[in-house]
Amino acid sequence: MDLRLNRHRRAGLAALATAAALLAAGCSSQGGKKAQEADAGLAAGKADTPRMRIAMITHAAPGDTFWDTVRKGAKAAAAKDNVDLVYSSNPNGADQANLIQNAINQKVDGIAVTLAKPDAMKGAIAKAKKAGIPVVAFNAGLDQWKDMSLLEYFGQDENIAGQAFGKHLNEIGAKHDICVIQEQGHVALEARCAGVKKTFKGKTDVLYVNGTDMPSVKSTISAKLKQDSSIDYVVTLGAPFALTAVQSAKDAGDKAKVATFDLNKDLVSAVQSGDVQFAVDQQPYLQGYLSIDSLWLYKNNGNFSGGGEQPVLTGPAFVTKDNVDTIAKFAQKGTR
């Protein structure tokens, strides 16, 4: 009889324990579900936060493939963040400022902008801020974004990148380079050549070309090489111009080598073949992605990188024959 009672007691206790466990699990499940629902808008994957409209406004010139990579990064972030991305560009500072005004008129939720011609942009950016539109800068304007009180900056310190470039020229024994600037007055391009000149122990000449007219770029570089046979390196500030410079050297019958800032898939192939000696990559895909994602984070969680004091640097990264094969698979997809 006592044995049966003990067995019944043990069974009852087990049942109570099971019920308590199920109840606890149910409460935990309900609490977890509520937490998941609360966090769903900010979770990884595709956001279900309210639809945003963000304008990306750049100084891209027609035909410059660098900006294709920027836009791929921006589109990837927009797809993830439930953002309607509106892209526009103009290499003329005043016209780019007009594009900012258009975005203000459209009452966008955020603006990501390049500051190649910062003086021309000040007024329009001030109007955007007055309208309550958050603005981040990327790619160009490292020395100006804080003065304009923008939220964040994503890009490369172009002067530091130029200095690193100049040091690398020293290491490989270069003596005389021409630094080819495709857009006069562009602060980031000017800073690159200034950086090269600062650390390069040889001679640096700056050569201005019209970046919107590639046949003219080709003939201008060729003429310079024919004029001065002591030039042993052509430094270009964009992948398309590096590939053109390779042809310029061949046309001039010159042995000058080519090195460059920035990448695209054709440039990666040129590094692999030895037509271009090396490149400095500022990771434009990352710039485009972070610019859009940062505005989404600011609107939905109040985040901004660097506290409004420090930029987020995306470069420089050197691409040489030693590491180009690793990058080539990404370049083929158009993301490096």
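In this predicted model, strands β6 (residues 176-181) and β7 (residues 203-208) lie side by side in the parallel sense, held in register by six bridges. Within that pairing, Cys179 finds its bridge partner in Val206 of β7. The route from β6 to β7 goes by way of helix α6 (residues 187-199), and the three elements make up a right-handed β-α-β unit. β6 also pairs with strand β8 (residues 233-236), again in parallel, this time through four bridges. Here Val180 is matched with Thr236 of β8.

How much of β6 is buried? Six of its six residues are, so the strand is largely enclosed by the rest of the structure. Side chains in a regular strand alternate between the two faces of the sheet. In β6, His176, Ile178 and Val180 point one way, while Asp177, Cys179 and Ile181 point the other, and all of them are buried.

Stepping back to the whole protein chain, there are eleven helices and twelve strands. Of its 336 residues, 46% count as buried. The accessible surface comes to about 16,000 Å², with carbon and sulfur atoms accounting for 52% of that area. As for the contact map, take the contacts between residues at least 6 apart in sequence: 74% of them join residues at least 24 apart.

β6 turns up again in the nonpolar packing. The largest nonpolar core has 30 residues, and those with the most contacts inside it are Ile178, Ile221, Leu225, Val234, Leu267 and Val276. At least two core residues each come from β6, α7 (214-227), α8 (239-251), α9 (265-273), β10 and α11 (324-331). Helix α8 gives the largest share, six residues. Leu267 shows what this looks like up close: setting aside residues up to four places away in sequence, Leu267 touches Ala239, Ala242, Leu243, Thr260, Asp262, Val276 and Ala279. There is also a second, separate core of 23 residues, and Ile100, Ala137, Trp145 and Leu150 are among its members.

Next come the polar side chains of the interior. Asp281 sits in strand β10 (residues 276-281). With a relative accessible area of 0%, Asp281 is buried, since the cut-off for that label is anything under 20%. What does a buried acid like this have for polar company? The side chain of Asp281 makes a polar contact of 2.7 Å with the side chain of Arg336. A polar atom of the Asp281 side chain also lies 2.9 Å from the backbone nitrogen of Gln283. Leaving out neighbours within four places in sequence, the residues in contact with Asp281 are Gln156, Leu263, Thr314, Gly315, Pro316, Ala317, Val319 and Arg336.

One of those contacts, Gln156, belongs to the loop between β5 (153-155) and α5 (158-171). Gln156 is buried too, at a relative accessible area of 0%. The side chains of Gln156 and Glu158 are joined by a polar contact of 2.8 Å. Beyond four places in sequence, the contacts of Gln156 include Leu142, Ala161, Arg192 and Phe261. Val280, Asp281, Gln282 and Gln287 are also among the contacts of Gln156, as are Leu313, Thr314, Gly315 and Pro316.

β5 leads to the other sheet described here. It is an open sheet of six strands in the order β2-β1-β3-β4-β5-β11, with parallel pairing. Strands β2 and β11 are at the edges with a single partner strand each, so one side of each has no neighbour in the sheet. At the β2 end, β1 (residues 52-58) and β2 (residues 83-89) pair in the parallel sense over seven bridges, and Thr58 stands opposite Ser89 in β2. The chain gets from β1 to β2 through helix α2 (residues 66-81), in a right-handed β-α-β crossover. Further along the sheet, β4 (residues 135-138) and β5 run parallel and are joined by two bridges. Phe138 stands opposite Phe154 of β5 in this pair.

A last spot to look at is Gly306, in the loop between α10 (284-301) and β11 (312-313). Gly306 counts as partly exposed because its relative accessibility is 37%. Although Gly306 and Leu151 are 155 residues apart along the chain, their C-alpha atoms are separated by 8.8 Å.

Conventions. Residues numbered from 1 in each chain as written. Predicted model: local features only at pLDDT ≥ 70, side-chain atom pairs only at ≥ 80, totals over all residues. Heavy atoms only, no water. Buried < 20%, exposed > 50% of the residue type's maximum accessible area, 1.4 Å probe, protein only. Polar contact = N/O pair within 3.5 Å; in protein donor to acceptor, adjacent residues only side chain to side chain. Contact = heavy atoms within 4.5 Å. Pairing = 2+ DSSP bridges. Right-handed = clockwise from strand over helix to strand, strands pointing away. Areas by Shrake-Rupley, 256 points an atom, 1.4 Å probe, with all protein chains shown as cover. Core = buried A, V, L, I, M, F, W, Y, C linked by side-chain atoms within 4.5 Å.
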